[in-house]
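New notebook page, new protein. I'll jot down what I look up as I go.

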Amino acid sequence: MSAPIALSGAAELLRLPPDAESAERLPQSRAGELTLEPGDVVVSDEGLIAGFEADSSCRRVDCAGLSVLPGLVDCHTHLPFVGWRAQEYARRVAGEPYEAIARSGGGIRASARALADAADTQVLDQARALAAEMLRHGTTAFEAKSGYGLSVAGELRALRLAGELAAGVEQPVAVTALLAHAIPDGHTAAGWMDEVEGMLGAVCAHTRAQALDIFVESVAFSNDELTRMGALAREHGLALRAHVEQLSSYGSVPVAVAAGARSVDHLSCMPAADIPALVGTECAAVLLPGAEFIGAEHTPPARELADAGVVCALATDLNPGTSPIVSLPLIAGLAVRRYGWTVKEALLALTLNAAWVIGRSRELGALTVGRRADVLLLDCPAGHIPYRFGHNPVAAVLVAGVPVWVREDHRWRFEGSA
Ligand code: NIG
Ligand code: FE
């Protein structure tokens with residue numbers, strides 16, 4: 001039998017406040033109580049966090065000079081997709097709005113055509129390569145959505161591919177059925193929702209989807225369909241996610257909360273007056289500063305959301321249109337600068353609260369005894385993550401206690417411990 005591993009002598013260890021070790025989410029206003037003190041982490045043979053004091057039975061991994069964090073959780077991505085849309089980005093930079101590009105057949109429809117034309121292997125090769133790149137940037141669990149299918153058969157295929165992606169990557173993957181992303185040609189919004197209702201039996205029986213999702217926008221769906229999606233999610237025992245208040249404001253946050261949403265995502269145009277609708281609820285605000293930056297969007301009322309004690313999460317929104325970004329350390333840097341958040345706020349939003357959004361925070365998202373040992377070793381203090389904007393601080397990644405990626409200049413640390 002092999003001995004437990006001790007990640008030993010770290011300069012900083014990110015831990016939850018002692019009274020919140022079994023919490024599954026935390027109001028953002030408590031982020032300042034997270035601690036970043038020197039210490040050890042002991043990992044059991046089962047790949048779980050076993051404790052915080054190394055003894056002589058442990059195989060030691062020297063973590064001198066490093067900070068040790070729980071793995072980051074990317075709770076909002078649009079994997080799997082195929083190809084990119086760089087020409088659209090050039091048009092947007094030159095001033096053409098996202099909605100105009102979408103109406104002219106670009107946007108989500110362009111990626112739907114690419115997906116329809118691609119073989120499964122092409123889609124999965126690209127998605128697996130991106131998942132590996134995410135891992136090297138510290139993402140140890142992520143969400144994958146359908147949404148580029150835009151037909152019943154296309155959405156079921158996208159969900160099948162998401163399931164195949166999940167089976168072939170190091171990270172746990174939570175699958176979401178984004179069944180109302182753009183209105184498919186030949187349908188009205190209400191007519192497409194009838195199709196969605198009709199396909200949910202197959203979605204539940206044959207795919208790994210655990211949540212439904214919808215895009216509320218002038219070029220997509222309305223609050224009426226959001227309410228209907230909430231009813232369908234309840235009926236089928238699925239969580240509800242919602243893309244709302246991204247490019248314009250429809251007052252969708254209270255509608256989503258009333259519909260039972262687990263999260264409201266984007267919120268760039270959310271009025272501060274709607275913040276009380278989220279306080280004390282089981283609905284998280286998922287903020288996507290990468291999409292805000294790429295799209296020159298408005299900035300959500302993120303400081304106010306945090307101060308009001310809303311459960312906040314951050315994610316990449318990785319997709320070929322609004323956010324071709326894989327790096328959560330980069331997202332932390334954007335959030336700190338754009339929102340006036342502290343490093344601890346960004347880290348809470350990328351770990352425990354993000355794990356909660358994908359329904360995995362009992363086992364992931366924090367360094368506490370009994371949670372899975374998904375652990376990052378960083379080559380700098382946590383405070384450098386936003387400050388050294390664009391630097392990838394990840395020196396090593398452990399998934400369930402196993403080093404799955406170690407940067408060349410840090411391999412020596414693991415050599416004696418194998
Ligand atoms: O989250 N807003 C809707 N969906 C995506 C964009 C999808 C695309 O443009 O391909 C988003 O930003
Ligand atoms: Fe999105």
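Which residues in helix 6 meet which in helix 7? I looked: Ala189, Met193, Val196, Glu197, Leu200 and Cys204 in helix 6 meet Glu225, Arg228, Leu232 and His236 in helix 7. For contact I need C-beta atoms, placed from the backbone, within 7 Å. By class, this contact has six nonpolar, one polar and three charged residues. My classes: Ala, Val, Leu, Ile, Met, Phe, Trp, Tyr, Cys and Pro are nonpolar, Asp, Glu, Lys and Arg are charged, and the others, Gly among them, are polar.

Before going on, a note on what I'm looking at: this is a predicted model, where local features need pLDDT of at least 70, side-chain atom pairs count only at pLDDT 80 or more, and totals for chains, interfaces and linings use all residues. Residues are numbered from 1 along each chain as its sequence is written, while chains are lettered from A and ligands numbered from 1 in the order in which they are written. Helices (H or I, at least four residues) and strands (E, at least two) are DSSP runs, numbered from the N terminus.

**Helix 6 and its partners**

Helix 7 covers residues 223–236, and packs on helix 6 at an angle of about 15 degrees with the axes 11 Å apart. Axes here are lines fitted to C-alpha atoms, for helices over the stretch in contact, and angles run from 0 to 180 degrees between N-to-C directions. Helix 6 and helix 7 are therefore roughly parallel. My cut-offs: under 35 degrees is roughly parallel, over 145 roughly antiparallel, 65 to 115 roughly perpendicular, and the rest oblique. I noted this crossing as right-handed; that is, the near helix is turned clockwise from the far one by less than a right angle, while anticlockwise would be left-handed.

Next I checked helix 5 (residues 152–167) against helix 6 (residues 189–206): their axes come within 11 Å and cross at roughly 35 degrees. This crossing is right-handed too. Val152, Glu155, Leu156 and Leu159 of helix 5 touch Glu195, Met199, Ala202 and Val203 of helix 6. I get six nonpolar, no polar and two charged residues there.

**Helix 11 and helix 12**

How do the axes of helix 11 and helix 12 cross? Helix 11 (residues 328–339) and helix 12 (residues 343–350) come within 9 Å and cross at roughly 135 degrees. They are therefore oblique to each other. Leu328, Ala332, Ala335 and Val336 of helix 11 make the contact with Val343, Ala346 and Leu350 of helix 12. The class split is seven nonpolar, no polar and no charged.

**Around ligand 1**

I listed what surrounds ligand 1 (C-beta atom, placed from the backbone, within 6 Å of it). The shell includes Ser111, Phe215, His243, Gln246, Asp317 and Asn319. By class, it has four nonpolar, seven polar and one charged residues.

**Two domains**

An automatic or database domain assignment sets the bounds: domain 1 is 5–70 + 365–415, and domain 2 is 73–357. Their C-alpha centres lie 28 Å apart. The contact takes 30 residues from domain 1 and 37 from domain 2.

**Backbone oddments**

The peptide bond from Leu79 to Pro80 is cis, with omega near 0 degrees. I found Pro80 in the loop between strand 6 (72–74) and helix 1 (86–93). Glu245 has phi near 55 degrees, a positive value in a residue other than glycine. Its loop runs between strand 10 (239–244) and helix 8 (252–258).

Key:
Contact = placed C-beta atoms within 7 Å.
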